[in-house]
Amino acid sequence: MKYILVIGDGMADNPVPELGGRTPLEAAEKPHIDEISKKSLMGSVRTVPPGQLPGSDTAILAIFGCDPDRYFTGRSPLEAAGSGIRVPPGDVSYRCNMVALEDGGAPFDEKRILSHNAGSIEGQDSIALISWLFDDPEFRAAAEAAGLRVEPTPSFRHIAIQAGGDLAGFVATPPHDILGQKIGPYALRGNENARRLWQLMALANRRLERHPYNERRRAAGLLPANGIWFWAEGTAVQLPDFVENYQKRGSVISAVPLVHGIGALVGLKMVSVPGATGETETNYEGKVQAAVDCLRDGDDFVCIHVEAPDEATHNGKLDEKLLSIGYLDRRVVAPLMERLDAAGLDYRMLLLSDHKTLTATRTHDGDPVPFLIYDSTRDQGSGLGYTEANGTQGPMIPDGTRLMGMLFEKTDDERKK
């Protein structure tokens with residue numbers, strides 16, 4: 001038996017007026033997912049524990065069997081692991097987004113944040129720009145005084161590491177939660193370290209504002225990459241071993257360092273696919289081929305993570321959210337099942353949204369999400385398509401850490417604690 005986990009990041013939602021009161025899962029064309037859903041165990045699951053902020057960090061930790069209340073020390077250490085970056089004990093890491101801030105001469109605190117990913121900046125451009133910033137004499141001196149260095153990654157998502165950073169009382173807001181709003185009310189706060197990092201962000205805006213690269217972006221009608229945003233602060237973390245817990249070896253296929261990092265920290269292999277971007281237009285076919293190769297080469301388990309629905313929602317593009325759900329259906333689930341069936345393999349597939357990402361607010365939500373577990377060897381008979389409402393017709397799983405055991409058909413007592 002082979003085991004597959006498919007995560008459509010942020011594809012669950014609430015009813016959307018523009019869709020006649022339907023959710024994107026109800027409105028999207030996804031005939032293959034709906035067909036297997038009818039033969040699956042389907043229900044709802046709370047992936048984000050009460051009291052934790054909803055996000056892929058806490059939700060995917062739970063899906064992989066790691067209790068966020070116990071193991072979550074911050075998002076950025078997980079992302080660092082996914083990029084092969086070690087956070088030394090005693091140091092602090094932060095996500096360092098390239099962002100687009102409102103142009104003009106307004107004070108830094110009065111500017112609005114227009115894009116959490118600098119208008120979907122290309123990876124190599126982002127590396128060049130963040131490297132230039134940290135090499136700029138004025139900014140470099142200020143960063144060194146704060147004990148801060150950057151580890152660039154080929155996306156808008158960089159990692160900043162601070163020697164001995166103080167997180168006592170520290171508060172940072174995810175930039176995708178405040179799109180279109182003035183940033184002053186969401187300044188880093190809580191201690192002197194937060195104030196210093198906020199000053200660094202203001203300096204970065206001044207230095208990046210007239211960079212030739214950003215002038216070219218404006219001339220092309222694109223948003224400038226004229227700011228950075230520190231958030232997702234955290235310290236080094238050690239996660240429980242997946243193989244010891246479930247006696248299954250496997251791989252994680254994703255374009256997102258966070259997901260790779262969780263996989264790496266639990267002992268799974270990270271698989272990167274050329275052309276996989278995390279956007280709506282990504283290499284879906286390459287992800288399917290990578291999954292088939294992993295299973296053919298001896299893996300028991302493989303995870304395919306698709307970021308596109310989440311990014312589309314953050315970007316306020318409902319049409320792209322619908323399109324990305326359709327792509328997940330016909331470019332991932334359908335061909336993957338065809339390949340496995342043709343190879344004569346028995347398999348079980350867990351498919352779900354890690355969390356809701358709401359079209360209404362362009363932010364994450366911690367309400368339960370629908371899940372399905374399909375078994376190629378038997379009909380489990382939900383009889384219903386895959387939607388939020390239909391998920392409520394099945395079992396409600398209050399603790400997302402139980403899902404992986406359900407996929408492997410192991411009781412809580414059978415897996416190592």
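Q: How are helices α5 and α11 oriented to each other: roughly parallel or roughly perpendicular?
A: In this predicted model, α5 (residues 75–82) and α11 (residues 257–265) pack with their axes 6 Å apart. The angle between α5 and α11 is about 80°. Angles from 65 to 115 degrees count as roughly perpendicular. The two helices, α5 and α11, are therefore roughly perpendicular.

Q: Which class of residue, nonpolar, polar or charged, has six members in the contact of α5 with α11?
A: From α5 the contact takes in Arg75, Leu78, Glu79, Ala81 and Gly82, and from α11 Pro257, Leu258, His260, Gly261, Ile262 and Leu265. Sorted by class, two of these residues are charged, three are polar and six are nonpolar. The class asked for is nonpolar.

Q: How many disulfides does a search of the whole structure find?
A: A disulfide needs two cysteine sulfur atoms within 2.5 Å. For Cys66, the nearest cysteine sulfur belongs to Cys303 and is 13 Å away. Over the whole structure, the number of disulfides found is zero.

Q: Is Cys66 buried or exposed?
A: Buried means under 20% relative accessible area. The relative accessible area of Cys66 is 1%, so Cys66 is buried.

Q: Which helix gives the most to the largest nonpolar core?
A: The largest nonpolar core has 72 residues, and Leu5, Phe64, Phe301 and Leu352 have the most contacts inside it. Among the residues that Phe301 touches are Leu5 and Phe64. The helix that gives the most to this core, with eight residues, spans residues 318–342 and is α14.

Notes:
Residues numbered from 1 in each chain as written. Predicted model: local features only at pLDDT ≥ 70, side-chain atom pairs only at ≥ 80, totals over all residues. Heavy atoms only, no water. Buried < 20%, exposed > 50% of the residue type's maximum accessible area, 1.4 Å probe, protein only. Axes fitted to C-alpha atoms, helices over the stretch in contact; angles between N-to-C directions. Helix = DSSP H or I, 4+ residues; strand = E, 2+ residues; numbered from the N terminus. Parallel < 35°, antiparallel > 145°, perpendicular 65-115°, else oblique. Contact = heavy atoms within 4.5 Å. Nonpolar A, V, L, I, M, F, W, Y, C, P; charged D, E, K, R; others polar. Core = buried A, V, L, I, M, F, W, Y, C linked by side-chain atoms within 4.5 Å. Lists of a residue's contacts leave out its neighbours within four places in sequence.
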